[in-house]
Amino acid sequence: KENKRHMGDTKHFCPVSLKENFVLYPGVYEHAAKYQEKIYYFSTSEYRDKFLKNPEEYVAHNEPIQAPPLRVCLLGTHGAGKTTCARQIADKLGIFHIQFEEYLQELILPKTKVKVGPHFDEEPEDYGKIPILSQELEDVSQTMTKTEAEKSKQEVELTDEEEAIKANLMDDKALPPEVLDNIVLDWWRKEPFRSTGFILDGFPRTLDEAQYLSERGLCPDVVIYIQVEESDILDRLFPPRLKKWKERQHKKMENKKKLKYLKAKIRV
């Protein structure tokens, strides 16, 4: 019979993953080891061997082993109300709220200047803008130096990582693991997220992203999926989009009238 465990010694979770990555990663029976009449289970054979080399580093001594904070993944289709629910949960539990796609937008927004993706495919604010009709304004615009033009071009040039993020937002192309490493790992392993916890809104979105979390040993404590009827989503999203479309159409008509008036004035 196994001796009673004191001060929070892990049994079902890998003690090496807890110590080094601050993650409760389930151990498996195939990777078990016995130390001081207690059996420990590990997530990998490498972690088991690491434990056996220096077990005292991974077991409790004078105080209980600290458990990691709550980490939640909240999933659901667009318009299901994930962000609203996530904000309420984060406020109630005192953890961070991370909206994944919004976070990706913020990473490239300094260069793109506008949000990208199928949910932001509306025309920019200066759509339908009256073209330059004055020769004087055309001459002024041509005074921009070559250096200034090249500088402007450099400012909007995206790195490979930023291009991958943009392709993901625009066309739903999978983010490479090396890009996810630069984004996701910090939420599990670096402060202030490491000791506070978080609710991750909208990630993982695909099987590949779920597999990525598993391969990196990043285990959420809870995964919540919000299921909503399609009719409810349409009732929620359609009215504001219809209103925006009507506003754009109205502005287009107004700009066409102004353009027609200016062209007639130039002829005179």
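Helices are taken as DSSP runs of H or I with at least four residues and strands as runs of E with at least two, numbered from the N terminus. With these elements as signposts, a new reader can be led through the structure, which is a predicted model.

A convenient starting point is the loop that joins α8 to α9 (193-196), where Pro192 is found. The peptide bond leading from Glu191 into Pro192 is cis, and its omega is near 5°. A second cis peptide bond links Phe203 to Pro204, with omega at about 0°. Pro204 belongs to the loop that runs between β5 (198-201) and α10.

That loop leads to helix α10, which spans residues 207-215 and whose residues Glu209, Tyr212 and Leu213 are buried. Because these three residues cover an arc of only 95° around the axis, they sit on the same side of α10. The general background is that an α-helix has 3.6 residues a turn, so residues three or four places apart point the same way. The cover over the buried residues of α10 includes α8 (177-189). Leu207, Asp208 and Glu215, by contrast, are exposed on the other side of α10. Just after the helix comes Gly217, with a positive phi of about 70°.

Two other helices offer a view of how elements pack. Helix α4 (residues 100-112) meets helix α7 (residues 160-171) at an angle of about 125°, and their axes are 10 Å apart. Since angles from 65 to 115 degrees count as roughly perpendicular and those over 145 as roughly antiparallel, this angle makes α4 oblique to α7. The two helices cross in a left-handed manner. On the α4 side, the contact is made by Glu101, Leu104, Gln105, Leu107, Ile108 and Lys111. The partners from α7 are Glu162, Ile165, Lys166, Asn168 and Leu169. By character, the residues of this contact comprise five nonpolar, two polar and four charged.

Attention turns next to Ile95, placed in the loop between α3 (82-93) and β4 (96-99). Its relative accessible area is 11%, and Ile95 is therefore buried, the cut-off being under 20%. When residues up to four places away in sequence are not counted, Ile95 touches Ala90, Thr196, Gly197, Phe198 and Ile199. Among these contacts, Phe198 and Ile199 fall within the range of β5 (198-201). Ile95 can also be related to Arg71: the two are 24 residues apart in sequence, with a C-alpha to C-alpha separation of 8.6 Å in space.

Lastly, positive phi values are found in residues that are not glycine. Gln36 is one of them, with phi at about 50°. This residue is placed in the loop between β1 (28-35) and β2 (38-42). Gln36 has a relative accessible area of 54% and is therefore exposed, as the cut-off for that class is over 50%. Lys113 also has a positive phi, near 70°, and is a residue other than glycine. The loop that holds Lys113 lies between α4 and α5 (135-141). With a relative accessible area of 63%, Lys113 is exposed.

Definitions and conventions: Residues are numbered from 1 along each chain as its sequence is written. This is a predicted model: local features need pLDDT of at least 70, side-chain atom pairs count only at pLDDT 80 or more; totals for chains, interfaces and linings use all residues. Side-chain values use heavy atoms; hydrogens and water are left out. Buried means under 20% relative accessible area, exposed over 50%, partly exposed in between (1.4 Å probe, protein chains only). The arc is that of the directions from the helix axis to the C-beta atoms. Contact means heavy atoms within 4.5 Å. Axes are lines fitted to C-alpha atoms, for helices over the stretch in contact, and angles run from 0 to 180 degrees between N-to-C directions. Angles under 35 degrees count as roughly parallel, over 145 as roughly antiparallel, 65 to 115 as roughly perpendicular and the rest as oblique. A crossing is left-handed if the near helix is turned anticlockwise from the far one by less than a right angle, and right-handed if clockwise. Ala, Val, Leu, Ile, Met, Phe, Trp, Tyr, Cys and Pro count as nonpolar, Asp, Glu, Lys and Arg as charged, and the others, Gly among them, as polar.
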